[in-house]
Structures are given as C-alpha cells and as structure tokens.
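This note is addressed to a colleague meeting the structure for the first time. Please read it with the sequence and the model at hand.

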Amino acid sequence: MVTTLLPARTVEPPLLPGDAVTAAASAIPLPRHGPTLTVWASTPGGCEEQAAAELAALGWRPAPVPTPRTAQTGTACGLVWERGSVYGRADIAAILATLRAARTVTRVTWLVAATQVASLAEVFTAVREAPLPDLPDAPFAVVAERHGRQAFRSPEVARVAGDAVNATHRARTGRRLPVDLEQPTTVVRVEVTDERLRVGCELTVGSLHRRAYYAVRHHAGLNPAVAAMLLGLAGWRADQRLVDPFCGGATIPVEAALAALRRPPRGAGVGDRLAPLGLADRAARATVDAAVRSAQERGDRPPLLRARERETAHVRQAWSNLAAAGVADLVDLDVGDARRPEAYGAGCAAVVTNPPYGLRAGWRAQLRELYRAALAATAERLEVGGSAVWLLTAPRVAAAAAEPAGLALVERRTIGLGSFDAFACRFAAARQA
Ligand SMILES: C[S@@+](CC[C@H](N)C(=O)[O-])C[C@H]1O[C@@H](n2cnc3c(N)ncnc32)[C@H](O)[C@@H]1O
C-alpha cells in the first residue's frame, strides 16, 4: 500500500554542462561502491537544475520517484526534480562524495516510502508500514514538514510519525526508542505536501550550506548553495574571468575559487548518519577521500577573480572570509563602485552578483538609478557570449534598466531564500540573446 514509486526510466548517461561547479564534481573519479539507495537532495527552491547537474556529475542516476506534488517540476541531466528537491539513485560512494563535495545542495535523505495521506491516522499507518531500516537503540528524532492545506499541523505529524516508528521498534525489540531533538543519532524525516507523504532517513548532519570559511557574516550574506547555483546558471568556467561587483562578504568569489580549485567547500570534517543506519563502509570512505584529493590535485588555478564593494567595512569582512577559505591570493578584492566600468576590469566572461535588494521603504528611485548605471557598466565590459547573473528582488526594475544598456533578460528563476523569494536573472548582450 505504501510505496507508490514510478518506474525508473532508462536514460543515456547525462550530458553535463561545463560550468566550474559541475566540472568540479565531474572531476571526482568514483568507482561504484556499496548498496544503491533511492535518495532525495534538498536544495533552495529554484536551484534544482544546477543541483541535478552537480548530482549527476557525482554519480546520481535516475530513480523511481514519487509523483511530484508541486507545480514546478522537470528533469535535468536525467534526474527528476520538483521545487526544492532532486531525486536519484546513488551508491554509498556517490552519497559520501555528495556529502563531502556538493556545493548546491543542503540535505540528502534516503527516500524510504512515498504515498498519499488524507489524515493523521493515515500518516501513522504509512510510517508504520514504511520499509524503514532497523534503527539502533539510540536517541532518535522525527523532523516533520507540512506544506499545503491540511487539517493537521507539523508537530502533530511529528508526534504520530514518532509513535509509528516507536511501534515498529517495540515490535522488533520490545523497547522504546528515546527521543532527542537536540542531538539525535538517527533522524526520520516525514514531509506532507498536499496529500503526498514522503518518509525517509536523513543522511546529513546539519545543513550542507554551512561553510567553515565564514569568518565574518555580512548582514545580507548569501546562502553559499545559492551562490554556487548562480555560478552554474551563468555557465562560468574556471578558465574565464569573473567579476562580482557588489561582493559584500565575498560569498560568490569564495565559492567560485573553491569550485575552480575543486576544493570541498566544507573541508574534511563533514558528519553523516550512515553508520547508525547500517551503511558504514570504510572502503567507500577511503575511496572517496582519495578521489576528492585526486580531483583537487588536478584543479585549475583560475585567472584572477575580481571582487568590488563600496563599503570599506565590508571589504574587510570579505578579506577575512577569503583568507579563512585560503583563496585570498586568487581574488583581486578592492573598494570600488559597481556603477563604473573600471570596477569590471578590462573585460570579463561572467558577472555573478547580488546587488542591494532595496527592501527598505523609499529606495525604489535609488535602486532604479543604481541598477541602470551598474548594468550599463556591465554591458560595456562583458565579453561577447558572456552572461551576467544578478540575484535580486526587483526583476522588473533590472529588466527595464537592462534594455537601454543593450542587455536582454534571457532567463529568470524564482529563488527561495528562506524568509523571502528573490529572482536570479541572467542577462546577455541583446544582439546575441
Ligand atoms: C546584498 S549585498 C551582497 C552580499 C554578498 N553577496 C554576500 O554574500 O556577502 C550587496 C552589497 O553591495 C554593496 N554596494 C551597494 N552599492 C554599491 C556600489 N555602487 N558599488 C559596489 N558595491 C555596492 C553593499 O554595500 C552590499 O555590501
């Protein structure tokens, strides 16, 4: 009754884009290792296609997937996605490589079951019947999410799902599982979207968007997973000149430098939840460590990346972050004005940036002028065939400013930034768009 997964489709090995983020993932040579699981990766909404490319490069293959329940769905590099999630099948080596090296995803979950539910009683039955692995006698937590209009809330979903997990455990062992929401050993994830229920075991500890290099956080600092996605959307390759003219705390330049060097964005000490689920595999871990090292040894030193920022205090923050990430020598960072062509150097193949959002009241007129001047300066220095990707909240203001500058808006994605949505806009010279 529980699993309503669609059959896997056979597809050719995916054709991968050549951007630096996907290329860094492709460079990790991974032989197959361990059992293959159906998994789902979470990514900020709007980042799915770049995440699918990166995951396909890390060895994820098409999977039988639950019927997507959101309006926005698609397939990229052979992997099915819906807003916020990418589905695939991955063996233990590919999963470990994802946890270690993926830049565009925030969480990886082992998808155990997907079905339809209309009530809390049905949630209980579905979780009770889900083929979850045997959980160890160790603290566990249920993380529940609910999207859509239901007669119940997520704490109630968590409670009945927890009861169901415990009923299964008691039937097998005669004991109850202790609950620990702070430091659980295992985490069962239960998500209800409209009538669709997904049940899985989290394989990540914390969110993968956390980077060790954040020495200082800019007040409007970007989610690094989104920064990596923007680099992919621009199609930036590691041998091309890149500029971030509104760099703030330098999230985008740091992600670019790390991808070019093929250096894992979270260092070596990434935790995972494989062992308590019976999935520990020392040989796979050693293989992945060696493969990640080998990719780094063959990494590119990018041509100087360029970062400019108007405020001296933010330049200092950016400097601290670049130094903490060990990439200060790869980035030409200075105080500068994005409205002036000099900020972009002699020329560049890609501009990837997030300018001020202008969320404060009374900012519209200033924003119009700022965007007009910065897009005119971009157009003057962007090489033929290059693209500029801006993450902003006023796409119409930017589109109106782009046209007189000779830039055309060629692509727009709605990006979930947690408390609000923003738009990733890709511009190209109008004559080539
Ligand atoms: C949204 S923040 C960028 C945040 C950055 N992506 C990060 O993750 O830290 C925009 C930045 O643009 C800077 N800025 C505003 N006007 C500017 C201008 N004319 N030239 C350069 N930087 C400017 C602001 O000081 C602010 O730090």
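The points below take up the domains, the two sheets and the core in turn.

1. Status and domains. The model is predicted. Its chain is assigned two domains: domain 1 covers 20-202, and domain 2 is made of 224-262 + 300-429. Between the C-alpha centres of domain 1 and domain 2 the distance is 33 Å.

2. Contact between the domains. Domain 1 contributes 18 residues to this contact and domain 2 contributes 20 residues. On the side of domain 1 that touches domain 2, helix H1 (20-26) and helix H2 (48-57) each provide at least two residues. The largest share of that side, five residues, belongs to H1. By character, the residues of the side of domain 1 that touches domain 2 comprise nine nonpolar, eight polar and one charged.

3. The eight-stranded sheet. Eight strands make up an open sheet with mixed pairing, and their order is E2-E3-E4-E1-E5-E8-E7-E6. Which strands stand at the edges? They are strand E2 (73-76) and strand E6 (140-147); each has a single partner strand, so one side of each lacks a neighbour in the sheet. On average, and with direction ignored, neighbouring strands of this sheet are turned by 35 degrees against each other.

4. Pairing at the E6 edge. E6 and strand E7 (residues 186-193) run parallel and are joined by eight bridges. One residue pair can be located in the model: Ala144 has Val190 in E7 as its bridge partner.

5. Helices on the eight-stranded sheet. Helix H3 (residues 92-101) packs on this sheet, where it touches strand E1 (36-42), strand E4 (85-91) and strand E5 (107-116). The direction of H3 makes about 130 degrees with that of E4. Helix H4 (residues 120-129) also packs on the sheet, touching E5, E7 and strand E8 (196-202). For H4, the angle with the direction of E8 is about 40 degrees.

6. The seven-stranded sheet. A further open sheet, again with mixed pairing, has seven strands in the order E11-E10-E9-E12-E13-E15-E14. Its edge strands, strand E11 (331-335) and strand E14 (407-416), each pair on one side only. Here neighbouring strands are turned by 15 degrees against each other on average, direction ignored.

7. Pairing at the E11 edge. How many bridges join strand E10 (residues 305-309) to E11? There are five, and the two strands run parallel. Within this region, Arg306 has Asp332 in E11 as its bridge partner.

8. Helices on the seven-stranded sheet. Helix H6 (residues 224-234) packs on the sheet and touches strand E12 (348-353), strand E13 (382-392), E14 and strand E15 (421-429). The direction of H6 makes about 150 degrees with that of E13. Helix H10 (residues 364-381) lies across E12, E13, E14 and E15, and runs at about 155 degrees to E13.

9. The nonpolar core. The largest nonpolar core has 150 residues, among which Ala161, Leu230 and Leu231 touch the most other members. H6 supplies the largest share of this core, with nine residues. Domain 1 and domain 2 each give at least three residues to this core.

10. Surroundings of Leu231. Apart from neighbours within four places in sequence, Leu231 is in contact with Asp19, Ala20, Val21, Trp236, Glu255, Ala256, Ala259 and Val352. A reader wishing to inspect the core in the model may begin with Leu231, one of the residues that touch the most other members.

How values were computed: Residues are numbered from 1 along each chain as its sequence is written. This is a predicted model: local features need pLDDT of at least 70, side-chain atom pairs count only at pLDDT 80 or more; totals for chains, interfaces and linings use all residues. Two strands pair if DSSP finds at least two bridges between them. Helices (H or I, at least four residues) and strands (E, at least two) are DSSP runs, numbered from the N terminus. Axes are lines fitted to C-alpha atoms, for helices over the stretch in contact, and angles run from 0 to 180 degrees between N-to-C directions. Two residues are in contact if their C-beta atoms, placed from the backbone, lie within 7 Å. A nonpolar core is a set of buried Ala, Val, Leu, Ile, Met, Phe, Trp, Tyr and Cys residues joined through C-beta atoms within 7 Å. A residue is buried if 20 or more other C-beta atoms lie within 10 Å of its own, exposed if 12 or fewer, and partly exposed in between; C-beta atoms are placed from the backbone. Domain bounds come from an automatic or database domain assignment. Ala, Val, Leu, Ile, Met, Phe, Trp, Tyr, Cys and Pro count as nonpolar, Asp, Glu, Lys and Arg as charged, and the others, Gly among them, as polar.
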